[in-house]
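Please find below my notes on the model, set out as numbered points for your own checking against the coordinates.

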Amino acid sequence: MKPREIRLSTTPTDEDIAQLRLGDVVYLDGLMYTAREGVYMRALEDKANIPMELPSQSAANFHCSPAARINADGSFDMGAVTATASFRFAKWLPEWMAKTGAKLIVGKGGMSSKDYKDYFVPNGAVYLSTVGYGTGALLGRGVESVEAVHWNEELGLAQAMWVIKCNRMGPFIVASDLNGDCLFERENAKIAENVARVYEGTKPAVLKRYGESDDRTDEVI
């Protein structure tokens, strides 16, 4: 069955979030900001004032280090916008979502259903995943403009808070829902059911790397 395609505002309503289903393909419109460990530490641990009105301006947090620069005249150039792995920032997310009203966390790889249930569900938020690798230039086509860059002098360009205006930016996949269910865990479970059949009749490996397992389901990531 072909997945649904949904155009979604970066300031979605509760009804917009509730309609999302695992596996939906989402394209975003509106303002989205990048925030990762530098921003989280500055805002949450150092208690710096967040330089945006959140969530009224944006409820979409992109875990991203854009390929971008600030020109001498103050203008911006942005090319690829490749996501980074979100699990690295999990410990900051509960406080960040509670403080900023973020409803859409966008990044690469996702987290576990336990993280979604513990962190996302209480805040009415969902996770949107990028589609595989090498999509930075594709996502960059959805950047209409760079509206601002905050804390670049304190954090550097990679860790700064970039505010980008999106126009049908995507595709992103809905990887969690309001129940805390995880798309990747669901699909991995389906694949794991057939792993034994794939290896039927093969002998165990003779040479192994340290820590390697004979459990074939361990190979499903």
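1. Arginine 168 is found in strand β9, in what is a predicted model throughout, and its backbone deserves a look, since phi is near 50°, a positive value in a residue other than glycine. Most residues other than glycine have a negative phi, and most peptide bonds are trans. With a relative accessible area of 38%, arginine 168 is partly exposed.

2. The side chain of arginine 168 also meets that of glutamate 5 in a salt bridge, with an N to O distance of 3.6 Å. Because arginine 168 belongs to strand β9 and glutamate 5 to strand β1 (residues 5-9), this pair ties together parts that lie 163 residues apart in sequence. Across the whole structure, a search finds 12 salt bridges.

3. Strand β9 holds a further backbone feature, namely proline 171, which is joined to glycine 170 by a cis peptide bond with omega about 10°. A cis peptide bond also leads from leucine 54 to proline 55, where omega is near 5°, and proline 55 sits in the loop between α2 and β3. I would ask the reader to view these two bonds in the model alongside the phi value of arginine 168, which is near 50°.

4. Which residue in the loop between α2 and β3 has a positive phi although it is not a glycine? It is lysine 47, found in that loop, with phi near 60°. Lysine 47 is exposed, its relative accessible area being 60%, and its side chain meets that of glutamate 95 in a salt bridge at 4.0 Å, N to O. The 4.0 Å value should be read with the cut-off in mind, as a salt bridge is counted here within 4 Å. Since glutamate 95 lies in helix α3 and lysine 47 in the loop between α2 and β3, the pair ties together parts 48 residues apart in sequence. Glutamate 95, for its part, is partly exposed, with a relative accessible area of 42%.

5. Helix α3, to which glutamate 95 belongs, spans residues 93-100, and its buried residues are Leu93, Trp96, Met97 and Thr100. Viewed down the axis of α3, these buried residues fall within an arc of 95°, and therefore they line one face of the helix. The elements that cover them include β2 (25-34), α2 (37-45) and β3 (60-62), together with β6 (104-107), α4 (113-120) and β9 (161-174). After α3 comes glycine 101, which has a positive phi, near 75°.

6. Is serine 86, placed in the loop between β5 (76-78) and α3, buried or exposed? At 0% relative accessibility, serine 86 counts as buried. Its side chain makes a polar contact of 2.7 Å with the side chain of histidine 63. Leaving aside residues up to four places away in sequence, serine 86 touches His63, Val106, Gly107, Lys108, Met111 and Tyr127.

7. Asparagine 179, by contrast, is exposed, with a relative accessible area of 55%, and it lies in the loop between β9 and α7 (183-192). Again not counting residues up to four places away in sequence, asparagine 179 touches Lys117 and Val121. The C-alpha atoms of asparagine 179 and valine 126, which are 53 residues apart along the chain, are separated by 9.4 Å.

8. A last point on charged side chains concerns Arg186, Glu187 and Lys190, which are linked in a network of salt bridges. Within this network, the side chains of glutamate 187 and arginine 186 meet at 2.8 Å, N to O. Glutamate 187 counts as partly exposed, at 27% relative accessibility, and arginine 186 is likewise partly exposed, with a relative accessible area of 39%. Side chains of opposite charge can pair when their charged atoms come close.

Conventions
Residues are numbered from 1 along each chain as its sequence is written. This is a predicted model: local features need pLDDT of at least 70, side-chain atom pairs count only at pLDDT 80 or more; totals for chains, interfaces and linings use all residues. Side-chain values use heavy atoms; hydrogens and water are left out. Buried means under 20% relative accessible area, exposed over 50%, partly exposed in between (1.4 Å probe, protein chains only). Helices (H or I, at least four residues) and strands (E, at least two) are DSSP runs, numbered from the N terminus. The arc is that of the directions from the helix axis to the C-beta atoms. Contact means heavy atoms within 4.5 Å. A polar contact is a pair of N or O atoms within 3.5 Å; within protein, one must be able to donate a hydrogen and the other to accept it, and residues adjacent in sequence count only if both atoms are side-chain atoms.
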